[in-house]
Amino acid sequence: MSTEGTGVRTRGRLTGVALQLTVLVVCVLLWQSITVGGDSTFFPTPLQIVTRTWELWFSGGIGTLFLTEAAFDDVLPSIGRLLLGWLVAGVAGVALGLALGRSRNALAYIGPLLSFARSIPPPALLPVFMVLFSIGFKLQLATIVFGCVWPILLNSADGARSVDVTKTETARAFRISRPLWFGSVVLPSAVPKIFAGLRISLSLALIMMVISELVGASDGLGHAMVLARDQLDYEQLWGGIVLIGVLGYVLNAILSAVESRVLKAVPQ
(Lines give C-alpha, C1' and ligand atoms only; values in the text may rest on other atoms or scores of the structure.)
Protein backbone atom coordinates (compact mmCIF):
# COMPACT_ATOMS: atom_id res chain seq x y z
CA MET A 1 0.00 0.00 0.00
CA SER A 2 2.81 2.33 0.91
CA THR A 3 4.65 1.41 -2.27
CA GLU A 4 1.52 2.14 -4.30
CA GLY A 5 1.11 5.51 -2.64
CA THR A 6 4.76 6.37 -3.31
CA GLY A 7 4.36 5.38 -6.94
CA VAL A 8 1.25 7.54 -7.32
CA ARG A 9 3.01 10.54 -5.76
CA THR A 10 6.04 10.02 -8.01
CA ARG A 11 3.88 9.83 -11.12
CA GLY A 12 2.01 12.93 -10.00
CA ARG A 13 5.27 14.86 -9.57
CA LEU A 14 6.56 13.72 -12.97
CA THR A 15 3.27 14.73 -14.57
CA GLY A 16 3.50 18.15 -12.93
CA VAL A 17 7.08 18.63 -14.12
CA ALA A 18 6.11 17.55 -17.64
CA LEU A 19 3.23 20.05 -17.71
CA GLN A 20 5.49 22.84 -16.48
CA LEU A 21 8.08 22.05 -19.16
CA THR A 22 5.36 21.90 -21.81
CA VAL A 23 4.05 25.33 -20.84
CA LEU A 24 7.61 26.71 -20.86
CA VAL A 25 8.37 25.26 -24.30
CA VAL A 26 5.09 26.57 -25.73
CA CYS A 27 5.78 30.07 -24.38
CA VAL A 28 9.32 30.08 -25.80
CA LEU A 29 8.06 28.88 -29.19
CA LEU A 30 5.42 31.61 -29.21
CA TRP A 31 8.07 34.18 -28.33
CA GLN A 32 10.29 32.86 -31.12
CA SER A 33 7.48 32.92 -33.68
CA ILE A 34 6.45 36.46 -32.77
CA THR A 35 9.95 37.96 -32.83
CA VAL A 36 11.57 35.98 -35.66
CA GLY A 37 9.73 37.91 -38.36
CA GLY A 38 10.12 41.32 -36.77
CA ASP A 39 12.79 43.87 -37.52
CA SER A 40 12.90 45.43 -34.04
CA THR A 41 16.36 45.42 -32.48
CA PHE A 42 14.77 45.92 -29.07
CA PHE A 43 13.19 42.45 -29.04
CA PRO A 44 15.61 39.73 -30.21
CA THR A 45 14.48 36.14 -30.57
CA PRO A 46 14.98 33.61 -27.74
CA LEU A 47 17.51 31.80 -29.94
CA GLN A 48 19.57 34.98 -30.31
CA ILE A 49 19.35 35.65 -26.58
CA VAL A 50 20.44 32.12 -25.62
CA THR A 51 23.28 32.17 -28.15
CA ARG A 52 24.55 35.54 -26.89
CA THR A 53 24.23 34.45 -23.25
CA TRP A 54 26.14 31.24 -23.91
CA GLU A 55 28.93 32.99 -25.81
CA LEU A 56 29.28 35.76 -23.24
CA TRP A 57 29.12 33.85 -19.96
CA PHE A 58 29.22 30.06 -20.47
CA SER A 59 31.59 29.30 -23.36
CA GLY A 60 34.73 28.93 -21.25
CA GLY A 61 36.95 25.89 -20.87
CA ILE A 62 36.54 22.83 -18.67
CA GLY A 63 39.09 24.19 -16.22
CA THR A 64 36.78 27.10 -15.36
CA LEU A 65 33.60 24.96 -15.43
CA PHE A 66 32.71 26.56 -18.79
CA LEU A 67 32.55 30.02 -17.21
CA THR A 68 34.10 32.84 -19.20
CA GLU A 69 36.02 35.82 -17.87
CA ALA A 70 32.83 37.87 -18.20
CA ALA A 71 31.04 35.38 -15.94
CA PHE A 72 33.65 35.93 -13.24
CA ASP A 73 33.12 39.68 -13.61
CA ASP A 74 29.33 39.69 -13.90
CA VAL A 75 27.61 36.55 -12.64
CA LEU A 76 29.68 35.31 -9.68
CA PRO A 77 29.99 38.71 -7.91
CA SER A 78 26.22 39.14 -8.13
CA ILE A 79 25.56 35.68 -6.71
CA GLY A 80 28.06 36.29 -3.91
CA ARG A 81 26.49 39.62 -2.93
CA LEU A 82 22.98 38.19 -3.14
CA LEU A 83 23.72 35.19 -0.92
CA LEU A 84 25.76 37.17 1.59
CA GLY A 85 23.10 39.87 1.96
CA TRP A 86 20.35 37.26 2.23
CA LEU A 87 22.28 35.29 4.88
CA VAL A 88 23.02 38.42 6.93
CA ALA A 89 19.36 39.42 6.74
CA GLY A 90 18.36 35.85 7.64
CA VAL A 91 20.53 35.65 10.74
CA ALA A 92 19.55 39.14 11.94
CA GLY A 93 15.87 38.71 11.08
CA VAL A 94 15.48 35.30 12.72
CA ALA A 95 17.36 36.29 15.88
CA LEU A 96 15.52 39.59 16.35
CA GLY A 97 12.17 38.14 15.28
CA LEU A 98 12.32 35.25 17.74
CA ALA A 99 13.36 37.59 20.55
CA LEU A 100 10.52 40.03 19.79
CA GLY A 101 8.01 37.23 19.33
CA ARG A 102 8.67 35.77 22.78
CA SER A 103 8.64 39.14 24.52
CA ARG A 104 5.32 40.25 25.98
CA ASN A 105 5.77 43.98 25.44
CA ALA A 106 8.68 44.50 23.02
CA LEU A 107 6.69 43.91 19.82
CA ALA A 108 3.88 46.18 21.02
CA TYR A 109 6.34 49.02 21.53
CA ILE A 110 8.57 48.42 18.51
CA GLY A 111 5.80 47.26 16.14
CA PRO A 112 4.91 50.74 14.79
CA LEU A 113 8.58 51.49 14.18
CA LEU A 114 9.02 48.22 12.28
CA SER A 115 5.90 48.92 10.23
CA PHE A 116 7.27 52.35 9.33
CA ALA A 117 10.72 51.00 8.40
CA ARG A 118 9.43 48.17 6.22
CA SER A 119 7.13 50.60 4.37
CA ILE A 120 10.12 52.56 3.06
CA PRO A 121 11.07 51.38 -0.45
CA PRO A 122 14.75 50.33 -0.31
CA PRO A 123 15.60 52.15 -3.58
CA ALA A 124 14.51 55.38 -1.89
CA LEU A 125 17.30 54.89 0.66
CA LEU A 126 20.04 54.53 -1.95
CA PRO A 127 21.09 58.21 -1.59
CA VAL A 128 21.28 57.74 2.19
CA PHE A 129 23.33 54.54 1.81
CA MET A 130 25.62 56.33 -0.64
CA VAL A 131 26.34 58.98 1.98
CA LEU A 132 26.83 56.42 4.75
CA PHE A 133 28.81 53.75 2.87
CA SER A 134 29.88 55.46 -0.40
CA ILE A 135 29.63 53.60 -3.70
CA GLY A 136 30.81 50.02 -3.57
CA PHE A 137 30.33 46.71 -1.80
CA LYS A 138 29.01 48.15 1.48
CA LEU A 139 26.32 50.11 -0.35
CA GLN A 140 25.22 47.01 -2.25
CA LEU A 141 25.20 44.82 0.85
CA ALA A 142 23.24 47.37 2.90
CA THR A 143 20.63 47.68 0.13
CA ILE A 144 20.13 43.91 -0.07
CA VAL A 145 19.98 43.43 3.71
CA PHE A 146 17.55 46.29 4.29
CA GLY A 147 15.33 45.14 1.43
CA CYS A 148 14.90 41.53 2.52
CA VAL A 149 15.20 41.51 6.32
CA TRP A 150 11.60 42.49 7.06
CA PRO A 151 9.74 39.37 5.85
CA ILE A 152 12.17 37.20 7.81
CA LEU A 153 11.88 39.29 10.98
CA LEU A 154 8.08 39.55 10.96
CA ASN A 155 7.50 35.90 10.05
CA SER A 156 9.96 34.76 12.72
CA ALA A 157 8.18 36.89 15.33
CA ASP A 158 4.83 35.49 14.23
CA GLY A 159 6.19 31.95 14.43
CA ALA A 160 7.61 32.53 17.90
CA ARG A 161 4.21 33.77 19.09
CA SER A 162 2.42 30.71 17.70
CA VAL A 163 3.93 28.22 20.16
CA ASP A 164 1.27 25.85 21.47
CA VAL A 165 0.18 26.76 25.00
CA THR A 166 0.18 23.09 26.06
CA LYS A 167 3.83 22.73 25.08
CA THR A 168 4.72 25.87 27.01
CA GLU A 169 2.89 24.70 30.14
CA THR A 170 4.45 21.23 29.87
CA ALA A 171 7.94 22.74 29.62
CA ARG A 172 7.25 24.84 32.71
CA ALA A 173 5.91 21.83 34.62
CA PHE A 174 9.08 19.88 33.91
CA ARG A 175 11.19 22.94 34.69
CA ILE A 176 13.08 22.75 31.41
CA SER A 177 15.88 25.28 31.18
CA ARG A 178 15.18 28.32 29.05
CA PRO A 179 17.83 27.55 26.36
CA LEU A 180 16.53 23.96 26.04
CA TRP A 181 12.92 25.15 25.95
CA PHE A 182 13.79 27.72 23.30
CA GLY A 183 15.63 25.19 21.14
CA SER A 184 13.19 22.29 21.54
CA VAL A 185 9.84 24.10 21.68
CA VAL A 186 9.97 27.65 20.30
CA LEU A 187 12.33 27.14 17.37
CA PRO A 188 10.61 24.00 15.94
CA SER A 189 7.24 25.76 16.17
CA ALA A 190 8.59 28.81 14.35
CA VAL A 191 10.45 26.94 11.58
CA PRO A 192 7.55 26.91 9.03
CA LYS A 193 7.05 30.67 9.42
CA ILE A 194 10.79 31.28 9.25
CA PHE A 195 11.05 29.46 5.93
CA ALA A 196 8.06 31.39 4.60
CA GLY A 197 9.93 34.60 5.35
CA LEU A 198 13.14 33.23 3.82
CA ARG A 199 11.34 32.36 0.57
CA ILE A 200 9.84 35.83 0.25
CA SER A 201 13.12 37.52 1.14
CA LEU A 202 15.08 35.47 -1.39
CA SER A 203 13.14 36.97 -4.29
CA LEU A 204 13.51 40.42 -2.72
CA ALA A 205 17.28 39.86 -2.36
CA LEU A 206 17.48 39.15 -6.10
CA ILE A 207 15.65 42.39 -6.87
CA MET A 208 17.76 44.41 -4.45
CA MET A 209 20.94 42.89 -5.87
CA VAL A 210 20.11 44.15 -9.35
CA ILE A 211 19.03 47.59 -8.09
CA SER A 212 22.20 48.01 -6.02
CA GLU A 213 24.35 47.22 -9.08
CA LEU A 214 22.66 49.83 -11.25
CA VAL A 215 24.29 52.67 -9.29
CA GLY A 216 28.04 53.12 -9.48
CA ALA A 217 28.92 49.41 -9.61
CA SER A 218 32.01 48.14 -11.40
CA ASP A 219 30.85 44.53 -11.80
CA GLY A 220 27.77 42.35 -11.49
CA LEU A 221 24.78 41.57 -13.68
CA GLY A 222 23.12 44.93 -13.04
CA HIS A 223 26.31 46.71 -14.14
CA ALA A 224 26.53 44.48 -17.25
CA MET A 225 22.94 45.27 -18.16
CA VAL A 226 23.56 49.01 -17.86
CA LEU A 227 26.59 48.71 -20.16
CA ALA A 228 24.57 46.62 -22.62
CA ARG A 229 21.85 49.28 -22.68
CA ASP A 230 24.39 52.07 -23.28
CA GLN A 231 26.05 50.05 -26.04
CA LEU A 232 22.66 49.14 -27.62
CA ASP A 233 23.49 45.45 -27.13
CA TYR A 234 19.92 44.31 -26.53
CA GLU A 235 20.74 40.62 -26.89
CA GLN A 236 23.05 40.90 -23.88
CA LEU A 237 20.48 43.03 -22.04
CA TRP A 238 17.78 40.41 -22.52
CA GLY A 239 20.31 37.70 -21.72
CA GLY A 240 20.92 39.32 -18.35
CA ILE A 241 17.18 39.47 -17.68
CA VAL A 242 16.71 35.80 -18.56
CA LEU A 243 19.76 34.78 -16.52
CA ILE A 244 18.41 36.62 -13.47
CA GLY A 245 15.11 34.78 -13.86
CA VAL A 246 16.86 31.41 -14.13
CA LEU A 247 19.02 32.24 -11.11
CA GLY A 248 15.94 33.09 -9.06
CA TYR A 249 14.23 29.86 -10.10
CA VAL A 250 17.25 27.72 -9.21
CA LEU A 251 17.78 29.37 -5.82
CA ASN A 252 14.08 29.03 -4.98
CA ALA A 253 14.14 25.34 -5.95
CA ILE A 254 17.17 24.72 -3.74
CA LEU A 255 15.55 26.54 -0.80
CA SER A 256 12.31 24.58 -1.28
CA ALA A 257 14.24 21.30 -1.21
CA VAL A 258 16.07 22.33 1.98
CA GLU A 259 12.80 23.46 3.54
CA SER A 260 11.13 20.14 2.76
CA ARG A 261 13.94 18.17 4.40
CA VAL A 262 14.11 20.44 7.46
CA LEU A 263 10.34 20.34 8.05
CA LYS A 264 10.38 16.55 7.88
CA ALA A 265 13.24 16.39 10.38
CA VAL A 266 11.92 18.95 12.86
CA PRO A 267 9.20 17.70 15.24
CA GLN A 268 6.10 19.86 15.16
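This is a short walk through one protein chain, from the whole fold down to single residues.

Good morning, everyone. Keep in mind that we are looking at a predicted model. Let's start with the whole chain.

What does the secondary structure of the protein chain come to? The count is 10 helices and 0 strands. Reading along the sequence, you meet α-α-α-α-α-α-α-α-α-α. The C-alpha trace spans about 75 × 65 × 35 Å along its principal axes. The chain has 268 residues, and 38% of them count as buried. Now the contacts. Take those in the chain with a separation of 6 or more: 71% of them come from residues 24 or more positions apart.

Next, one helix. Find α3, residues 69–102. This helix has 34 residues. From first C-alpha to last, α3 reaches 49 Å, close to the 50 Å expected at 1.5 Å a residue. Where in α3 does a kink lie? Look at valine 75, where the helix bends by about 30°. Proline 77 comes shortly after that kink.

Now pair α3 with a partner. In general, two packed helices are described by the angle between their axes and the distance between the axes. Here the partner is α6, residues 137–161. The axes of α3 and α6 come within 6 Å. They cross at roughly 35°. That crossing is right-handed. Which residues make up the contact? There are 19 nonpolar, 7 polar and 3 charged.

Step back along the sequence, to just before α3. The loop between α2 and α3 holds leucine 65. Phenylalanine 66 sits in that loop too. Why stop here? Because most residues other than glycine have a negative phi. Leucine 65 has a positive phi, near 55°. Phenylalanine 66 also has a positive phi, near 70°. Are these two buried or exposed? Leucine 65 has a relative accessible area of 67%, so it is exposed. Phenylalanine 66 has 44%, so it counts as partly exposed.

Now go to the other end of the chain. Aspartate 233 is in the loop between α9, residues 221–230, and α10, residues 234–265. Is aspartate 233 buried or exposed? Its relative accessibility is 17%, so it counts as buried. The cut-off for buried is under 20%. What does aspartate 233 touch? Leave out residues up to four places away in sequence, and you find Arg52 and Ala228.

Follow that second contact. Alanine 228 lies in helix α9. Its relative accessibility is 0%, so alanine 228 is buried as well. Set aside its neighbours within four places in sequence. Alanine 228 is then in contact with Asp233, Gln236 and Leu237. For a sense of scale, try arginine 161. That residue is 67 residues from alanine 228 along the chain, and their C-alpha atoms are separated by 48 Å.

Last stop, α10. This helix has 32 residues. It reaches 47 Å from first C-alpha to last, close to the 46 Å expected at 1.5 Å a residue. Which residues of α10 are buried? Among them are Gln236 and Leu237. You just met both as contacts of alanine 228. The buried residues of α10 also include Gly239, Gly240, Leu243, Leu247, Leu251 and Leu255. Glu259 is another one of them.

So what should you keep? A chain of 10 helices and 0 strands. A kink at valine 75 in α3. A right-handed crossing of α3 and α6. And a buried aspartate 233, in the loop between α9 and α10. Thank you.

How values were computed:
Residues are numbered from 1 along each chain as its sequence is written. This is a predicted model: local features need pLDDT of at least 70, side-chain atom pairs count only at pLDDT 80 or more; totals for chains, interfaces and linings use all residues. Side-chain values use heavy atoms; hydrogens and water are left out. Axes are lines fitted to C-alpha atoms, for helices over the stretch in contact, and angles run from 0 to 180 degrees between N-to-C directions. Helices (H or I, at least four residues) and strands (E, at least two) are DSSP runs, numbered from the N terminus. A crossing is left-handed if the near helix is turned anticlockwise from the far one by less than a right angle, and right-handed if clockwise. Ala, Val, Leu, Ile, Met, Phe, Trp, Tyr, Cys and Pro count as nonpolar, Asp, Glu, Lys and Arg as charged, and the others, Gly among them, as polar. The expected span of a helix is 1.5 Å times one less than its number of residues. The bend at a residue is the angle between axes fitted to the seven residues ending there and the seven starting there. Buried means under 20% relative accessible area, exposed over 50%, partly exposed in between (1.4 Å probe, protein chains only). Contact means heavy atoms within 4.5 Å.
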